[in-house]
Amino acid sequence: MKVTGSAQPLLPLCRRLLPTGLTRVPGLPVALLKATALELAILTAHLVLYPSGITQERRAPARSALPGQRDGTARLPSDTRPPVVLLHGFIDNRSVFVLLRRSLARHGGRRIESLNYSPLTCDIRTAAELLGRHIEEICERTGSPRVDIVGHSLGGLIARYYAQRLGGDARVRTLVTLGTPHSGTRAVPLANAHPIVRQMRPGSPVIEELTRPAPGCRTRFVSFWSDLDHVMDPLEAACLDHPDLTVENVRVSGIGHLALPVHPAVATGIRQALDEDRPDTDIAPREDGLTVA
């Protein structure tokens with residue numbers, strides 16, 4: 001799977017933005033320049049779309065009670081597959097999933113729910129508890145006993161905390177994470193002023209909690225990580241490694257952090273991950289990963 005030439009016009013700009021010494025290094029991978037160009041293009045587009053995702057998504061109106069229902073609440077007909085819940089990253093909103101949502105709806109025919117958590121959120125544990133309440137409401141409204149979750153960056157960490165530490169594995173069938181700092185990231189040290197950034201650092205109390213035993217966790221985890229993700233330091237921080245969890249780590253080559261919830265090749269990989277229903281079996285890693293550039 002290859003990235004299209006849409007990023008090509010931005011390559012000269014990327015060469016100017018990168019440190020002068022770095023651009024003169026012999027053998028500097030062209031893939032790095034292409035990935036940087038694509039990140040800039042995605043960032044620009046996302047800034048345009050950001051206002052459209054500030055408010056919470058509209059929910060389907062409750063239907064009147066069906067014949068024979070005593071509680072006065074009507075559940076919407078449930079798909080045979082769980083609804084998919086999309087959870088954005090730090091200082092972001094649901095607009096980041098515009099393309100992924102369209103891809104999942106077009107090819108999977110699933111019910112899609114996008115959730116916003118407040119940009120003022122300062123604690124992963126609190127955000128995970130709020131996520132749990134949202135998921136209970138979704139399950140009640142749709143009639144589905146479980147959901148699948150796709151979480152980008154911090155969103156994946158919040159969802160993992162819910163599934164692993166708050167009993168959310170009873171509700172979450174599959175959790176797909178995109179560029180999530182499972183073991184903590186050291187990137188952007190100046191951002192340490194924000195409490196939730198400190199919780200995403202290696203060795204933080206939250207990261208330490210996630211290393212504790214989780215026997216019998218029923219959620220299946222699929223972690224997409226990129227070899228050009230500059231938000232992850234080290235890069236392998238986005239890999240999930242826990243002896244009690246059923247995990248598949250998928251290496252993505254050729255794109256950066258912002259492209260993970262946007263690129264069509266990754267969207268295909270996400271659809272494939274959600275279509276696999278093997279909660280009781282070990283999942284072997286994909287040896288060749290996913291190359292998109």
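**Note on two cavities and a helix pair**

1. In this predicted model, the residues lining the second largest cavity divide into 6 nonpolar, 3 polar and 1 charged, where Ala, Val, Leu, Ile, Met, Phe, Trp, Tyr, Cys and Pro count as nonpolar, Asp, Glu, Lys and Arg as charged, and the others, Gly among them, as polar. That lining includes His88, Asp92, Tyr117 and Ile196, and the space inside comes to about 40 Å³.

2. A cavity here is a set of points on a 1 Å grid over the protein atoms alone, where a 1.4 Å probe fits but cannot get out, and lining residues have an atom within 4 Å of a point. The structure holds 3 cavities of 30 Å³ or more, and the largest contains about 70 Å³ of space.

3. Among the residues lining the largest cavity are Leu87, Asn116, Tyr117 and His134, and by class this lining has 7 nonpolar, 2 polar and no charged residues. Helix H5 (residues 124-142) gives the most to it, with 4 residues; helices are DSSP runs of H or I with at least four residues, numbered from the N terminus.

4. The axes of helix H4 (residues 98-108) and helix H9 (residues 264-275) come within 10 Å and cross at roughly 50°. That makes H4 oblique to H9.

5. Leu100, Ser103, Leu104 and His107 in H4 meet Ala267, Ile270, Arg271 and Leu274 in H9, contact meaning heavy atoms within 4.5 Å.

6. Residues are numbered from 1 along each chain as its sequence is written, and side-chain values use heavy atoms, with hydrogens and water left out. Local features need pLDDT of at least 70 and side-chain atom pairs count only at pLDDT 80 or more, whereas totals for chains, interfaces and linings use all residues.

Terms used. Axes are lines fitted to C-alpha atoms, for helices over the stretch in contact, and angles run from 0 to 180 degrees between N-to-C directions. Helices (H or I, at least four residues) and strands (E, at least two) are DSSP runs, numbered from the N terminus. Angles under 35 degrees count as roughly parallel, over 145 as roughly antiparallel, 65 to 115 as roughly perpendicular and the rest as oblique. On a 1 Å grid over the protein atoms alone, a cavity is a set of points where a 1.4 Å probe fits but cannot get out, and a pocket is an open set with protein on both sides within 12 Å along at least five of seven lines; lining residues have an atom within 4 Å of a point. Grid points are joined across faces, edges and corners, and a volume is the space filled by probe spheres set on the points.
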